[in-house]
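This report describes selected features of the structure shown below. It treats a surface patch, the parallel sheets and the main pocket in turn.

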Amino acid sequence: MTVKTPGREMRVLVLAAGKGTRMKSKKAKVLHSAGGALLIEHVANAAKAVSSHVSVIVGHQADQVRAALTGVEFIEQQEQLGTGHAALSARPAFEGYRGDVLVLPGDIPLIESSTLDRLVAFHRSGGFSATVLTAELDDPFGYGRIVRGAGQSLERIVEQRDATPEIRAIREVNSGVYVFDAGALFESLAGVRNRNAQGEYYLTDVFGILVEGQRPVGAIMASSAREILGVNTRQELAVVDRELRDRKRAALMTAGVTLVDPATAFIDMNVEIGADTVIHPFVRIEGRTVIGEDAVIHSFARLTNARVGSRSTVLDGSIVADSEIGSDVSVGPYAHLRMGATIADTARVGNFVEVKKSVIGRNTKAMHLAYLGDATIGANVNIGAGTITCNYDGVRKNPTTIEDDVFIGSDSQLIAPVRIGKGAYVAAGSSITEDVPSDSLGIARGRQINKPDWARERKKGK
């Protein structure tokens, strides 16, 4: 529940301008993914749960960061000269604002809104000008250390590079998550200098300035140190990705989903799965996939932005991307549905069948080795093995329409644009170039000729 104090506003400032050089990447650090979403998306979602007014400081690859987020405002930091300089860049946008400012780094995807609510409540109940969220780590290397004063007060925050051996021995560390009184923040930023090992303007120096001015400054420890884990390297990215997926798997099992081997079920954070669905080992479920109840997803399947109805089965090795499967459907093994394929209730798509941008009607079957592209296929249709809708003429994609109750014989080619009428048959081995009327038989193949003794004579000739 978001903390609210009568007459006291809350705004959030997310710092996302840095490059992240230790990632060794062409992409800005916050544009890397963990748990199926960008780092900055995780942080922005937590921020939105606390305040309706979220500002994001952008700099390196600013346009890409803007494109990744909605429902926030952006403030550009022209030069990246440290966290203090980033916060100072926001001062014009906060002109006249007298509430609190929650500051979040853009690379802590494990932070939870409940922890932010607890931090804000502590800040306000203590009457602090600034409050820092802390954590205790077994190995605090790389983090700024918390030097406490009496009780819950803070004396200063010392960055790793500027710390003495005694201070480096402290295990309580700075999370980079703060709450400030807006007036105290922007007044103090004017006094921040870059006399440190990195030559940067540290936002943490604001705490020392406030303490020197005898303004109350607090520190509260997070319930779980994992929440404050930042991402600076690929190794740390892997750690937070695993944690996010562990959370997702735990939530799904609590809600009644069976994961046969949780460790090998790779499920993105925005996926929805209904109760009593079974997910077998080595399955990837990505994006905004939605799976109904009592479904079964077998090993080595990959579903991306897919919808799967209740009681449907996706068999081994199948790929379903940006497509929809109805209820009581069987897909696979080794089927490929893509680009808006829609499979109606009770239909069956079998092994090595590819369906692209096509609609397959109720109770229709395409069981073996077929390609169905840019096709509209009705109900109760049988698609024989080896059927191909020849949709591309070298310039454009053309449609194939197969009406209800049609039988397509094996190894048929339907040369689009073409329509097969209701109840019609297409003989096996046909190359259909013209429409087949309803209840007709379409045959388009060379007449068979048998030559007696031809094979015997040929062998004698050898």
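Ile443 lies in the loop between β41 (441–442) and α9 (454–461). The model is a predicted one. On its surface, Ile443 joins Phe407, Tyr425 and Leu441 in a nonpolar patch, and the four residues together have about 410 Å² of accessible area.

**Parallel sheets**

Strand β41 also takes part in an open sheet of 11 strands, whose order is β12-β15-β18-β21-β24-β27-β30-β33-β36-β39-β41 and whose pairing is parallel. At the edges stand β12 (258–259) and β41; each has a single partner strand, so one side of each is left without a neighbour in the sheet.

A second open sheet is built from nine strands, again with parallel pairing, in the order β14-β17-β20-β23-β26-β29-β32-β35-β38. Its edge strands are β14 (272–273) and β38 (418–420), each of which pairs on one side only.

Four of the strand pairs are set out below, each with one pair of facing residues.

| Strand pair | Parallel bridges | Facing residues |
|---|---|---|
| β23 (324–325) and β26 (342–343) | two | Glu324 and Thr342 |
| β24 (330–331) and β27 (348–351) | two | Val331 and Val349 |
| β27 and β30 (365–368) | three | Arg348 and Lys365 |
| β33 (382–383) and β36 (407–408) | two | Asn382 and Phe407 |

Strand β27 thus appears twice in the table: it pairs with β24 over two bridges and with β30 over three. In the first pairing Val349 of β27 stands opposite Val331, while in the second Arg348 has Lys365 as its bridge partner. Phe407 links two of the topics treated here, since this residue is the bridge partner of Asn382 in β36 and is also a member of the nonpolar surface patch.

**The largest pocket**

How much space lies in the largest pocket? The volume is about 1,600 Å³. The pocket is lined by 42 residues, and those closest to its centre are Lys29, Thr83, Asp107, Gln198 and Asn232. Two or more lining residues are given by each of β1 (10–16), α3 (83–89), β10 (172–181) and α8 (234–254). Of these elements, β10 provides the largest share, with four residues.

In chemical character, the lining divides into 18 polar, 15 nonpolar and nine charged residues. Among the residues closest to the centre are Lys29 and Asp107, and both Lys and Asp count as charged.

Notes:
Residues numbered from 1 in each chain as written. Predicted model: local features only at pLDDT ≥ 70, side-chain atom pairs only at ≥ 80, totals over all residues. Heavy atoms only, no water. 1 Å grid on protein atoms, 1.4 Å probe; cavity = no way out; pocket = protein on both sides within 12 Å on 5 of 7 lines; lining within 4 Å. Points joined across faces, edges and corners; volume = space filled by probe spheres on them. Patch = residues over 30% accessible without salt bridge, like charges linked within 9 Å, V, L, I, M, F, W, Y side chains within 5 Å. Areas by Shrake-Rupley, 256 points an atom, 1.4 Å probe, with all protein chains shown as cover. Salt bridge = Lys/Arg side-chain N within 4 Å of Asp/Glu carboxyl O. Pairing = 2+ DSSP bridges.
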